[in-house]
Amino acid sequence: MDGHGREQDASEESSLLTCVVEDCVTAGILTRAHARWQSGSLMAGIALAEEAIRAECGRCGRPCSAYASLLLTLFLASIRRVEAAADVQRRLLASAEVQGDPELVASTRLVGAKVALAAGDYADAAALAEQGLRLAAESGQTAWTPVGNLVLATTTLRRGDISAALHYSAKLEEDAVFAREMFPTGQSAWAIVQLSEAGKGRDKAAALARELLESETLTRRLLLSEPAAVPWLVRLMLRVGERGPAGEGVRFAERLAAENPDVDSVGAAALHAAALLEGDLDKLRRAAESHTDPWARASVLEDIGVRLCEGRVESPEAATYFERAMRAYTRMGSLRDSSRVMSRLRGINASPLSRERCRPRSGIQGLTDTEYAVAKLVSRGLTNGETAEQMFLSRHTVAFHLRKVFQKVGVKSRLELAVIWNELDTGPAGPAAGAAPALHGTRT
């Protein structure tokens, strides 16, 4: 491990254990748990976190077992053992130890948001993150706020709300500056790379991705908690013609998977990344069967569809995989991804029935999905040109849809639309359900 990695490990352990004194038995076990996890011994780290919960040394007068439960929950969510993570989090939130401590209530909500994100429930994840951040601000607790900012950066990006995602990306950078990281920096780095790709284009994102993939320390940390990250980065590098960094990422992932044969999320991610590098359709199908992360599974289904339709005008089999990916993205609330897959279905001349089965629904009666997406972006202050760029449409097409929106909702200007939008947007795909416009997001 490089020097930067050792320094970061030390800072993370320090921030993690500020709650306890040096002679606390629980703190000692947690330090070992964290070290084993960071070294790649995932099940050993989980076993030590469970031991820390049971220790109950009581020497420091702090709720150390609660902090151990928080760490265990994050460990379990990271390897997508979501039911077990949710069970630990529920028991912790119901405990008298937590209920009497506002800081612990905030931390538990934030960790619960990470569990919901891992489960693919983006609306619940965002709601818990917002609640946790509000409670953390009220109690003066800052140590766990990066978890909430990470969840919101991810959910807003996948819903297509780029401006909000950029806001939370800036918060993550602020967390790093003030050493608030409670968990490996790789997660935040991947969020920032994704935002760079969405906002600044593939080339800018590729430069950041290259730096991630050329560091085994960063790549391993990222894979420990985000099973979909390395395949995404490998795909990006292949699209810009850089097989070297892509190959490095695959090798690091395969090494970690070999060290943890009983952790399905790591093995599936390594298989997915290798399949992309090799262009191996059989491996892609096997990865789809083994992925335990919902977004990662949808992602590999989309990759299979892309592979199947290469060089073809029509491909019924590809359409079937795109439909499955589309439904999965839509269930999670990842409308930026679902819009991209809808575009793929149109590109292979999929039947109208196929497209209709997958179509995300507008939250406002009478508006088509495209009209809804245009209206939502314009109501946030985007120009027609900016809206066209986000949706991969022409300015004339945006203007046409905007005129139809004005007619249907009974307004005469962009300002009037912005004023009434929050009141209008309350349907099944509106704020109450945590959804967002069906933007045609790019995918590397």
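**Exercise 1. Contacts of A136**

Find the residues that A136 is in contact with, leaving aside its neighbours within four places in sequence.

*Solution.* Start by locating the residue in this predicted model: A136 sits in helix α8, which covers residues 122–139. Next, set aside the neighbours within four places in sequence and list what is left: A136 is in contact with A106, Q141 and T145. Then look at P102, which is 34 residues away from A136 along the chain. The C-alpha atoms of A136 and P102 are separated by 8.0 Å. Finally, check the accessibility: the relative accessible area of A136 is 0%. The cut-off for buried is under 20%, so A136 is buried.

**Exercise 2. T155 in its helix**

Decide whether T155 is buried or exposed, and name the residues it touches beyond four places in sequence.

*Solution.* First place the residue: T155 belongs to helix α9, residues 145–159. Its relative accessible area is 0%, so T155 is buried. Now collect the contacts, not counting residues up to four places away in sequence: T155 touches L117, Y122, A125 and A126.

**Exercise 3. The backbone at R80**

What is the sign of phi at R80, and about how many degrees is it?

*Solution.* Begin with the general expectation: most residues other than glycine have a negative phi. R80 is not a glycine, yet its phi is positive, at about 60 degrees. Now find where this happens: R80 lies in the loop between α4 (64–78) and α5 (82–94). As a last step, take the relative accessibility of R80, 9%, which means that R80 counts as buried.

**Exercise 4. How α18 packs on α19**

Work out how helix α18 and helix α19 are oriented to each other, and which residues make the contact.

*Solution.* Two packed helices are described by the angle between their axes and the distance between the axes. Here α18 spans residues 294–308 and α19 spans residues 316–332. Their axes come within 8 Å and cross at roughly 155 degrees. Angles over 145 degrees count as roughly antiparallel, and therefore α18 and α19 are roughly antiparallel to each other. The crossing in which α18 passes α19 is left-handed. On the α18 side, the contact residues are P294, W295, A298, S299, L301, E302, I304, G305, V306 and L308. On the α19 side, they are E317, A318, Y321, F322, R324, A325, A328, Y329 and M332. Sorted by class, this contact has 14 nonpolar, 2 polar and 3 charged residues.

**Exercise 5. Try the method on α16 and α17**

What angle do helix α16 and helix α17 make, and how are their contact residues divided by class?

*Solution.* Helix α16 (residues 264–278) packs with helix α17 (residues 281–290) at about 160 degrees, and their axes are 8 Å apart. That angle makes α16 roughly antiparallel to α17. The crossing of these helices, α16 and α17, is left-handed. From α16, the contact uses D264, A268, L271, H272, A274, A275, L276 and E278; from α17, K283, L284, R286, A287 and S290 take part. The class tally is 7 nonpolar, 2 polar and 4 charged residues.

**Exercise 6. The chain as a whole**

How many helices and strands does the chain have, and what percentage of its residues count as buried?

*Solution.* Counting the secondary structure gives 25 helices and 0 strands. Of the 444 residues, 58% count as buried. For the surface, the chain exposes about 18100 Å², with carbon and sulfur atoms supplying 50% of that area. To finish, consider contacts between residues at least 6 apart in sequence: 64% of them join residues at least 24 apart.

Methods
Residues numbered from 1 in each chain as written. Predicted model: local features only at pLDDT ≥ 70, side-chain atom pairs only at ≥ 80, totals over all residues. Heavy atoms only, no water. Axes fitted to C-alpha atoms, helices over the stretch in contact; angles between N-to-C directions. Helix = DSSP H or I, 4+ residues; strand = E, 2+ residues; numbered from the N terminus. Parallel < 35°, antiparallel > 145°, perpendicular 65-115°, else oblique. Left-handed = near helix turned anticlockwise from the far one by under 90°. Contact = heavy atoms within 4.5 Å. Nonpolar A, V, L, I, M, F, W, Y, C, P; charged D, E, K, R; others polar. Buried < 20%, exposed > 50% of the residue type's maximum accessible area, 1.4 Å probe, protein only. Areas by Shrake-Rupley, 256 points an atom, 1.4 Å probe, with all protein chains shown as cover.
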